[in-house]
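Subject: Handover of a structure and notes on its contents

Dear colleague,

Please find below the structure that I am handing over to you. My notes on it follow directly after.

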Amino acid sequence: MKRIIWESYFDSSISRKYGRRVRRGFPKDRLFDILNSLNLNYTFQDAKYPKIPWKTEKKIEVEWEESKEKLIKKIIEKAFSDSSGNSR
């Protein structure tokens with residue numbers, strides 16, 4: 001099953017009101033490296049995020065059988081375990 005996630009979910013420069021789903025300090029520039037390290041199949045394209053229609057960003061379609069929230073949590077865990085040197 002494909003789950004759609006948006007680059008804005010991981011953008012520390014925007015507020016949660018506009019779609020951020022992670023804590024500030026997430027390494028957004030490493031998002032695709034993290035997806036690759038988790039061995040996830042994904043495609044992406046430039047698109048307008050509905051909460052910020054004036055901004056073009058990446059719409060990412062990920063092959064994932066569980067919920068979108070579990071996918072986001074997995075990405076967050078990987079990002080912060082890699083950056084802190086320990087795993088949870």
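The paragraphs below take up the strands, then one loop residue, then the salt bridges.

Please bear in mind throughout that this is a predicted model.

Strands

Strand S3, residues 56–63, pairs with strand S1, residues 2–6, in the antiparallel sense, over 5 bridges. Within this pairing, Lys 2 is found opposite Glu 63 of S3. S3 also pairs with strand S2, residues 42–48, again in the antiparallel sense, and here there are 7 bridges. In that second pairing Tyr 42 has Val 62 of S3 opposite. S3 is thus a partner both of S1 and of S2.

A residue in the loop between S2 and S3

Lys 51 belongs to the loop that runs between S2 and S3. Its relative accessibility is 44%, so Lys 51 counts as partly exposed. Leaving aside residues up to four places away in sequence, Lys 51 touches Lys 17, Tyr 18 and Gly 19. As regards Tyr 18, the C-alpha atoms of Lys 51 and Tyr 18 are 5.6 Å apart in space, although 33 residues separate the two in sequence.

Salt bridges

Side chains of opposite charge can pair when their charged atoms come close. The structure contains 6 salt bridges, and three of them are described here.

One joins Asp 11 to Lys 28, with 3.5 Å between the closest N and O atoms. Both residues lie in the loop between S1 and helix H1 (31–37), yet the pair links distant parts of the chain, as the two are 17 residues apart. Asp 11 has a relative accessible area of 7% and is therefore buried, whereas Lys 28, at 28%, is partly exposed.

Another salt bridge is formed by the side chains of Asp 46 and Lys 58, at 2.8 Å from N to O. Because Asp 46 lies in strand S2 and Lys 58 in strand S3, this pair ties together parts that are 12 residues apart in sequence. Asp 46 is exposed, with a relative accessible area of 53%, while Lys 58 is partly exposed at 22% relative accessibility.

A further salt bridge connects Glu 66 with Lys 70, the closest N and O atoms being 3.5 Å apart. Glu 66 is partly exposed, its relative accessible area being 40%, and Lys 70 is likewise partly exposed, at 48%.

Finally, Asp 11, Lys 28 and Lys 55 are joined into one network by salt bridges that share partners.

With kind regards

Definitions and conventions:
Residues numbered from 1 in each chain as written. Predicted model: local features only at pLDDT ≥ 70, side-chain atom pairs only at ≥ 80, totals over all residues. Heavy atoms only, no water. Pairing = 2+ DSSP bridges. Helix = DSSP H or I, 4+ residues; strand = E, 2+ residues; numbered from the N terminus. Buried < 20%, exposed > 50% of the residue type's maximum accessible area, 1.4 Å probe, protein only. Contact = heavy atoms within 4.5 Å. Salt bridge = Lys/Arg side-chain N within 4 Å of Asp/Glu carboxyl O.
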